[in-house]
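Got your viewer open? Let's take a walk through this model, one selection at a time.

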Amino acid sequence: MVRRFLPGLMVMLLSGCSSVSYYGQLASGQWHLLRAREPVAQVIADPARPQSLREHLLQSQKARTFASEQLHLPDNQSYRLYADIGRPYVVWNVFATQEFSLSAQNHCFPIAGCVAYRGYYNQGAARGEAALLRQQGMDVAIGGVEAYSTLGWFDDPIISSMMNWGDERLATLIFHELAHQRFYVKDDTEFNESFASFVEQEGTRQWRAARGLAPLSDATLQQRDQFTRLILATRKHLENLYAQPLAADVMRQAKAAQFERLRSEYRHLRDSQWGGDKRYDAWINQPMNNARLLPFGLYDQWVPAFAGLFAQEGRDWLRFYGAVEKLGRLPVEQRKAALRQLEKAAL
């Protein structure tokens, strides 16, 4: 149940923007999502519901219990409710940067702090915002989102958009979003998303082990890590480029060359080490810009640092969360320095 629902207010505090129309679509979208919720147990017990849905939700509740009992993530009604929204994503996030910058256009709010994107419950509205930003000369990307956390203000449901990739993917989403409820730092998207990504990855490893399943193949993990490192290296090349005092047309040509370099290095990696596996081809072959690289820096930047911290704390979840909270209370520059030191020690 909603703890205290003041219509529209919490959504504005969590997600916000200066425009009344933007606030309106946020309030409406969140309200419709809350109204669509129903207990998972009720759906599972209903023989009129599709059997595949009921089985999927049954498995989700095993992962939900594991999250609280073994990963020490919040034990509440989040993800013990279900909402069918009838669309592939719950929101579409719009990322934007200046043409020669990898700094995201941030949007700031009292509770969530500053975040590096703007969310829309309607894909057409997201596309409209993206078009306006492009007219201003910005680099823009749109990403569909399967789930998001309200940071414990509401009981977040399992959304139908979370259920398109199988039982394990649903479990990883639950782990990730509950991690945001477990700890969140205002104004530091990289910290928050990297922390949740680590909890997701380590939680999934432990979840597989608890069910007697073999770890994910080394090849799969290696490909994901190599691809991420390739993107992060490209970000670094671009940051160095944008720091140079070059004329705009020269900078633009050098920027395009960096993206071609990324594609070339990816294809060499794919063909020489991955046996031609094309799992990332669709992403790499789309038009490229700064904004498309933003999620990689946000979701992956500090994952190795958090892995190092987890090992340092004896792989004990409660000790790890305590250490994360101490990091989160540090001033931002000290926090980043500590993360860099953890990352260096983990290599």
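Two strands count as paired if DSSP finds at least two bridges between them. With that in hand, select strand E1 and strand E2: Glu38 has Tyr82 in E2 as its bridge partner. E1 and E2 (residues 81-83) are joined by 3 bridges and run in the antiparallel sense.

Now add E8 to the selection. The three belong to an open sheet of 3 strands, ordered E1-E2-E8, with mixed pairing. Its edges are E1 (37-39) and E8 (158-159), each of which pairs on one side only.

Before going on, color by confidence, as this is a predicted model. The chain has a mean pLDDT of 90, and 93% of its residues reach 70 or more. Residues 1-18 are another matter: pLDDT stays under 50 there, although the model has 45 contacts beyond four places in sequence for this stretch. Where pLDDT is low, the predicted coordinates should not be read in detail.

Next stop, another sheet. Select E6, E3 and E7: this open sheet has 3 strands in the order E6-E3-E7, and the pairing is antiparallel. Which strands sit at the edges? They are E6 (118-120) and E7 (139-145), each pairing on one side only. Turn the view and look for the twist, which averages 25° from one strand to the next.

Zoom in on E3 (residues 91-97) and E7, an antiparallel pair joined by 7 bridges. Within that pair, Trp92 stands opposite Gly144 in E7. Now bring in helix H11 (residues 290-300), which packs on this sheet and touches E3 and E7. The direction of H11 makes about 110° with that of E3.

The rest of the tour goes around H12, so select residues 303-312 and keep them shown.

Start by adding helix H7 (residues 189-210): its axis and that of H12 come within 8 Å and cross at roughly 55°. H7 and H12 are therefore oblique to each other, and H7 passes H12 in a right-handed crossing. Show side chains here: the H7 side of the contact includes Phe191, Phe195 and Phe198, while H12 brings Val303, Phe306, Ala307 and Phe310. By class, this contact has 7 nonpolar, 4 polar and 1 charged residues.

Hide H7 and select helix H13 (residues 317-329). Its axis is 9 Å from that of H12, and the two helices pack at an angle of about 130°. H12 and H13 are therefore oblique to each other, and the crossing is right-handed. What does H12 bring to this contact? Phe306, Leu309, Phe310 and Gln312 from H12 meet a set in H13 that includes Trp317, Phe320 and Leu327. The residues in this contact divide into 8 nonpolar, 1 polar and 1 charged.

Last one: swap H13 for helix H14 (residues 332-346). H12 and H14 pack with their axes 7 Å apart, at an angle of about 75°. That makes H12 roughly perpendicular to H14. From H12, Pro304, Ala305, Phe306, Gly308, Leu309 and Gln312 meet Leu339, Leu342, Glu343 and Ala346 in H14. Sorted by class, the residues here are 7 nonpolar, 2 polar and 1 charged.

To finish, click on Phe306 and look around. Phe306 takes part in the contact with H7, in the contact with H13 and in the contact with H14.

Conventions:
Residues numbered from 1 in each chain as written. Predicted model: local features only at pLDDT ≥ 70, side-chain atom pairs only at ≥ 80, totals over all residues. Heavy atoms only, no water. Axes fitted to C-alpha atoms, helices over the stretch in contact; angles between N-to-C directions. Helix = DSSP H or I, 4+ residues; strand = E, 2+ residues; numbered from the N terminus. Parallel < 35°, antiparallel > 145°, perpendicular 65-115°, else oblique. Left-handed = near helix turned anticlockwise from the far one by under 90°. Contact = heavy atoms within 4.5 Å. Nonpolar A, V, L, I, M, F, W, Y, C, P; charged D, E, K, R; others polar. pLDDT = per-residue confidence, 0-100.
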